[in-house]
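This report describes the architecture, interior packing, interface and charged pairs of the structure shown below. Please read it alongside the sequence and the coordinates.

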Amino acid sequence: MKKHSWALPYCYLAPALVLLGVLCLLPNLYSVYLAFTNYSLYHYSNYEFVGLRNFWRIISGPETATFMRVFWWTLIWAGGSVLFSQAIGIFLAVLLNNPNLKGSNIYRTLFILPWAIPAFISVMMWQGLLNTEFGAVNTIMARLGIDTAIASFLGLFGIEQTLPIPWLDGFGWAHLAVLGVNVWLAYPFQLTVCLGALQSVPSDVYEAASVDGASKLKQFWVITLPLLRNALMPVLISSFAFNFNQFTAIYLLTAGGPPISGSDAGATDILITYSYKLAFNLFQYGLACAYAIFIFMLVATLSGVNFKMTGAFDEVD
Amino acid sequence: MDVEYPTLVELCDKFTKETGIEVVLLKVPFKDLRNKYYVATPAGLGPDLLLGALDWIGILQTTGLIAPIPSSFSYDDFTDVAQKAATYENEKYMVPLCMETLALFRNTDIMPKRPETMEELIANAMEIQKKYVKPGTKERVNGFYFEIKDLYFSIPFLTQYGGYLLGEKDGQYDPMDVGLGNAGAIRGAEFLRALRDDKQYGLIKAGCSESISRTLFYDGNAAVIINGPWMLRELKNRNNDPNKHHVKYSVDPFPPDKEGNLPRPSVGMQGLMLNSYSRNPEAAAKLIEYLAGTEQMLALSKSSGRPPTTHSALALITDDPDIVAFSKACDNGFPMPSHPACQAIWEPMKMSLELIANGVVEASVEMPSATERIKDKIRLMME
């Protein structure tokens, strides 16, 4: 019995390890290698090792301005998506957690729908809905007069806005639209996690608080949020890492968004969509791989922080 | 090229009966075809003959994946445009079977008279967009609609006044000579801005796309769109389907403007290329000879709606007004450069055209600077 026990775990792990090795590890190592070459359309079969040239180009070459802009927008994008989706998730979870609410099952099902529909399909639908000339959003807003209201509101700040609102082609509007759709995609997950976490808060704490005279709002701030924090922290970090690389939402909605003069990356391009464009539209495979390594380092750091904080890999004694 | 597939199958069966050489046709979705060829061919698993598009020649030759067509094949009967298109670095790499280009699709119910000049087209379109009401409804229609930011659709207007994609030096394409920053291209880009600008023509709003233009045309909501022969099959199917809206249409080549400047669309060709790793070059050469024959070209042309590329086949196609119109449009066009540098032009130009059309930047500033950036990119790629 004892003789086989040391090999058995490895045998169980072997199929998964082999698959991961071939399908994930090898291609990643290859793309790390490619980042140090000048593999591109012109150097398709005779590319050569050029060392750190691609990385220099990103850090201190003509690429730098684009890289910094895309990097900051990626941070704002990931942070904003997580912030708003968690806010909505917590708010709805607190509402749904109320035992006096009738039909909470129905509400819960309806609220989870954006998560249930495959993201690919729903984002393409949003792309159609947000079309400037023919999209339903603009048509309905025009009929209800909401768009003229928005234009006059912006006029108060001295911003001239031509109608119909260019949701996917205008500089600020594309950012809003893309964030909005991503929050719509992301909040059901946050809602589910918060609902689960709320179950773990014992109800007698609330009773004690009401006896002490705390209002509902105060109870929320002082009791609910701190207790939820431990449960939500890992979700926050892993959500951030997930949204950092959320390719589908951006690429299918705006394909990187309204272009910016003098740059290859559009206004709503995040690092991953820009890297994709470099590889497949501009055929600069080496540079795209260098970007991919940057993205990997950033996300790996985030994941490392996550694991440390949650102790996910601590040995159980 | 999937509409011609049944015809290809028939022709290849006839070929097998005549010569006894067996032909296996492998049909691959168009967007995957190029990548599959790149991957399979160096491994020795590629096809002997590749039926692909003209602008692939440059990349495939640079990467060593296609071989020149044997000199025993005669190009005498092919049109000048076809011969020029098939040549790359003074060698012939493709036998073009049919050509395609962009032309105007006009809804003859909404705009019955064919416009003789571009000015007339724009004036008619503006009038239609302001006043025309679809019969039986209260809806307006679009006068003139196409995807402005896509360089492929806009290039006729850039070449109208002297712009060009890639210049030539010593009979070959010069990758450093990108003609999209010269005065002609700027004037064309200003025209594109005028199409979007509400203060000028204001015909096309933001968010235009090729698929929307087709949908509008099929439903009778657009008077004139720009598209190519690949749309004909769907259009004819819809006109034969009793459940769908029927559109009376006419295909017209681009008209010149009042001063005689003619918009020149880019002409693409689909043809046979020889795999450099092919193990049956003689049999492949025989199949090429067969498919380039007049009868076979006519059969392919009829089923695909695209004009054929040899003089003898062209002389026999007089009954289909659409194919005649497209072949006239091809005469007016320029062959798509097959140099790989051309690939680096499409995407950046798309962004610049969108910026210009939206009025964010001036055409006279953006076109030259975009051209410089593209040249830098080409230089970087070639390093």
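## Chain A

In this predicted model, buried residues account for 41% of the 317 residues in chain A. The chain contains 14 helices and zero strands. Its C-alpha trace extends over about 75 × 75 × 35 Å along the principal axes.

Contacts within chain A often bridge long stretches of sequence: of those between residues at least 6 apart, 68% join residues at least 24 apart.

## Interface between chains A and B

The two chains meet through 28 residues of chain A and 28 residues of chain B. Interface size is often expressed as the accessible area lost when the parts come together. Here, chain A and chain B bury about 2600 Å² between them, with 60% of it on carbon and sulfur atoms. On the side of chain A that touches chain B, the residues comprise 10 nonpolar, 12 polar and six charged.

Zero salt bridges are counted between chain A and chain B. The count of residue pairs in polar contact, with both residues at pLDDT 80 or more, is likewise zero.

## Nonpolar cores

The largest nonpolar core holds 122 residues, of which F105(B), F144(B), F146(B), L151(B) and L195(B) touch the most other members. Helix α14 of chain B, residues 343-357, gives the most to this core, with eight residues. Leaving aside residues up to four places away in sequence, L151(B) touches L158(B), L165(B), L180(B), I345(B), W346(B), M349(B) and L353(B). A second, separate core has 50 residues, including V70(A), W77(A), A78(A) and L282(A).

## Helix α8 of chain B and its surroundings

Helix α8 of chain B covers residues 210-218, and its buried residues include I212(B), L216(B) and F217(B). The buried residues of α8(B) pack against β6, β7, α6, β10, α9 and β11 of chain B. After α8(B) comes G220(B), with a positive phi near 75 degrees.

The loop between α8 and β10 also holds D219(B), whereas R238(B) lies in helix α9, 19 residues apart from it. The side chains of D219(B) and R238(B) meet in a salt bridge, at 3.8 Å from N to O. D219(B) counts as partly exposed because its relative accessibility is 30%, whereas R238(B) is buried, at 16%. Together with E234(B), these two residues are linked in a network of salt bridges.

## Salt bridges within helices

Over all chains, the structure has 18 salt bridges. One of them joins E127(B) to K131(B), with the closest N and O atoms 3.5 Å apart. Both residues belong to helix α5 of chain B and are four residues apart, about one turn of the helix. E127(B) is partly exposed at 47% relative accessibility, and K131(B) is exposed at 57%.

In helix α15 of chain B, D376(B) and R379(B) are three residues apart, again about one turn. Their salt bridge has its closest N and O atoms 3.0 Å apart. D376(B) is partly exposed, with a relative accessible area of 39%, and R379(B) is partly exposed at 42%.

## Positive phi in a loop of chain B

Most residues other than glycine have a negative phi. E89(B), by contrast, has a positive phi near 50 degrees, and N90(B) has a positive phi near 65 degrees. E89(B) sits in the loop between β3 and β4 of chain B, as does N90(B). E89(B) is partly exposed, with a relative accessible area of 42%, while N90(B) is exposed at 57%.

Methods:
Residues numbered from 1 in each chain as written. Chains lettered and ligands numbered in written order. Predicted model: local features only at pLDDT ≥ 70, side-chain atom pairs only at ≥ 80, totals over all residues. Heavy atoms only, no water. Contact = heavy atoms within 4.5 Å. Buried area = accessible area lost by both parts, 1.4 Å probe. Salt bridge = Lys/Arg side-chain N within 4 Å of Asp/Glu carboxyl O. Polar contact = N/O pair within 3.5 Å; in protein donor to acceptor, adjacent residues only side chain to side chain. Nonpolar A, V, L, I, M, F, W, Y, C, P; charged D, E, K, R; others polar. Core = buried A, V, L, I, M, F, W, Y, C linked by side-chain atoms within 4.5 Å. Buried < 20%, exposed > 50% of the residue type's maximum accessible area, 1.4 Å probe, protein only. Helix = DSSP H or I, 4+ residues; strand = E, 2+ residues; numbered from the N terminus.
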